[in-house]
Amino acid sequence: KRRLPLSDVSMVHLDAHPDLGAPMTFPARKMLESPHDLYFELRKDPGGIAQWILPAVYAGHLSFLWWVRPSWAVQIQDGDYHVSVGRA
């Protein structure tokens, strides 16, 4: 079988919304558990599944992210951002 890797993945996100929110209703350790369980936890969070990217970074699934957006989507200015995601 051919399977996608579950760690160190680069992603191109084509969307008008960055989906870079952080869930606030459950502990960070939940993000390291089953991806299926995380999906259901996100569905219960007020921000919903639009907050799925940072948990994927936190869990080590994603290492690089490029957000490609239409010109009218101005939530984040154009540029290169180097961000660390982890426990404080």
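Here is a short chat between a trainee and a mentor about this predicted model.

Trainee: Before we start, what is the mean pLDDT of the protein?

Mentor: Since this is a predicted model, local features need pLDDT of at least 70 and side-chain atom pairs count only at pLDDT 80 or more, while totals for chains, interfaces and linings use all residues. Residues are numbered from 1 along each chain as its sequence is written, and side-chain values use heavy atoms, with hydrogens and water left out. pLDDT is the predictor's confidence in each residue, from 0 to 100. Here 99% of the residues reach 70 or more, and the mean is 87.

Trainee: Okay, and what pattern do the helices and strands follow along the sequence?

Mentor: Both kinds are DSSP runs, numbered from the N terminus: helices are H or I with at least four residues, strands are E with at least two. The protein has 2 helices and 2 strands. Read along the sequence, the pattern is β-α-α-β.

Trainee: Which residues of helix H1 are buried, and how are they arranged?

Mentor: Buried means under 20% relative accessible area, exposed over 50%, and partly exposed in between (1.4 Å probe, protein chains only). In H1, residues 35-44, the buried ones are Leu38, Glu41 and Leu42. Seen down the axis, they fall within an arc of 100 degrees (taken from the directions from the helix axis to the C-beta atoms), so they line one face of the helix.

Trainee: And what do those buried residues pack against?

Mentor: Look at the other side of H1 to begin with: the face turned away carries the exposed residues His36, Arg43 and Lys44. Contact here means heavy atoms within 4.5 Å. The buried residues of H1 pack against helix H2 (53-58).

Trainee: Which residues make up the largest nonpolar core?

Mentor: A nonpolar core is a set of buried Ala, Val, Leu, Ile, Met, Phe, Trp, Tyr and Cys residues joined through side-chain atoms within 4.5 Å. The largest one has 5 residues: Phe26, Met31, Leu38, Leu42 and Tyr58.

Trainee: Is the pair of Phe64 and Trp66 stacked or edge-to-face?

Mentor: Rings of Phe, Tyr and Trp (its six-membered ring) pair if their centres lie within 6.5 Å; planes under 30 degrees apart count as stacked, over 60 as edge-to-face and the rest as tilted. The whole structure has 2 aromatic pairs. Tyr39 and Phe40 have ring centres 5.3 Å apart and planes at 75 degrees, so that pair is edge-to-face. For Phe64 and Trp66 the centres are 6.2 Å apart and the planes at 20 degrees, so the pair is stacked.
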